[in-house]
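Q: Please give me a close look at the surroundings of the ligand, and then at the helices elsewhere in the chain. Which residues are around the ligand?

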Amino acid sequence: MTGLVVDGLSFSYGRKQALRDVSFRVEPGRFCALLGPNGAGKSTLFALLTRLFTTRTGRIQIMGHDLARTPRKALAQIGVVFQQPTLDLDLTVQANLTYFAALQGLCGRDARRRIAAALDRLDMGERARERVRDLNGGHRRRTEIARCLLHDPAVLLLDEPTVGLDAASRAAITRHVHDLSENNGKTILWTTHLSDEVRDSDQLVILNHGQVRTDGTCATLRGAQPLADYFQRQSKAPTCAAA
Ligand SMILES: Nc1ncnc2c1ncn2[C@@H]1O[C@H](COP(=O)(O)OP(=O)(O)OP(=O)(O)O)[C@@H](O)[C@H]1O
């Protein structure tokens, strides 16, 4: 069963077409980097994947569940980290996760066990009792990633999760999320406009002007050239029928 299928997806804001016939698939346990310059359509795609927006053109399947026909089953399979942080700054890490667990119908010993395991995976176990306001940006992001694991989703969607972080925090978060695909079998869709967050073994989908420019293994696509150069070339290349 494929982790994530995006098939013939189009979306417009009024007369502005943001996505045009976007198709790609991510196999289970794969890390897929969705790379695109500003305005490429990454956030629009993300909004469709999380059902904030809907469209009649195209379809999305998550672990075999059609998002339009069986949204509850499909959404139960995803963990989401949005671009804008959504933690309560005045609560501790533990309280933030306990609150989210309750929203997922998880409580008591089961919730505590899941929270401890998720925090440990992100090397955040020792910070459980700290107030989120006292954490740096990288640790706040790690808390959000731990939170999205609580209901044990198969697919993780992360929308530019490293925006605003320093280099060390970016590297740590990128490493943690790669680890979740390699060692925990999570299917990852990671949107970014930073080519240094992508590894050679990752699936790479480049989006530009709302269209998929390339889709394949990063090492194969970039060949001998640095990914930054390849990305720049793909981002500058003219797009047929771009909006
Ligand atoms: N609410 C809106 N109304 C009209 N056009 C919009 C709206 N939101 C986005 N767009 C346009 O749709 C296109 C895709 O935008 P989107 O935000 O999805 O791109 P992005 O790749 O996420 O960019 P960024 O990296 O800057 O967040 C852009 O041309 C943008 O100007």
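**The shell around the ligand**

A: Helix H1 gives the largest share of the shell around the ligand, namely three residues. It should be said at once that this is a predicted model. H1 spans residues 42-49, and strand S2, which spans residues 16-26, likewise supplies at least two residues of the shell. The list of surrounding residues begins with Tyr13, Lys16 and Ala18. It continues with Pro37, Asn38, Gly39, Ala40 and Gly41, and then with Lys42, Ser43 and Thr44. Glu160 completes the list. Sorted by class, the shell holds four nonpolar residues, five polar residues and three charged residues.

Some of these residues can be examined at the level of single atoms. Thr44 places a polar side-chain atom 2.5 Å from an oxygen atom of the ligand. Gly41 takes part through its backbone: one of its N or O atoms lies 2.9 Å from a ligand oxygen. In Glu160, a polar side-chain atom is found 3.2 Å from an oxygen atom of the ligand. On its own, the ligand has 640 Å² of accessible area, and the protein covers 61% of it.

We may now turn to two other helices. In helix H8, made up of residues 227-236, the buried residues are Leu227, Tyr230, Phe231, Gln234 and Ser235. These five lie on the same side of H8, because they cover an arc of only 130° around the axis. Arg233 and Lys236, on the other side of H8, are exposed. The buried residues of H8 have several packing partners. Three are strands: S3 (31-35), S9 (203-208) and S10 (211-217). Helix H7 (218-222) is a further partner.

Helix H3, residues 93-103, can be read in a similar manner. Val93, Asn96, Leu97, Phe100 and Ala101 are its buried residues. Their arc around the axis is only 135°, and therefore they are on the same side of H3. Here the packing partners are two helices, H4 (108-121) and H5 (137-148). Just after H3 comes Gly105, whose phi is positive, at about 80°.

To return to the ligand, the atoms described above come from different kinds of position in the residues: from the backbone in Gly41, and from the side chain in Thr44 and in Glu160.

Methods
Residues numbered from 1 in each chain as written. Predicted model: local features only at pLDDT ≥ 70, side-chain atom pairs only at ≥ 80, totals over all residues. Heavy atoms only, no water. Near = heavy atom within 4 Å. Polar contact = N/O pair within 3.5 Å; in protein donor to acceptor, adjacent residues only side chain to side chain. Areas by Shrake-Rupley, 256 points an atom, 1.4 Å probe, with all protein chains shown as cover. Helix = DSSP H or I, 4+ residues; strand = E, 2+ residues; numbered from the N terminus. Nonpolar A, V, L, I, M, F, W, Y, C, P; charged D, E, K, R; others polar. Buried < 20%, exposed > 50% of the residue type's maximum accessible area, 1.4 Å probe, protein only. Arc of directions from axis to C-beta. Contact = heavy atoms within 4.5 Å.
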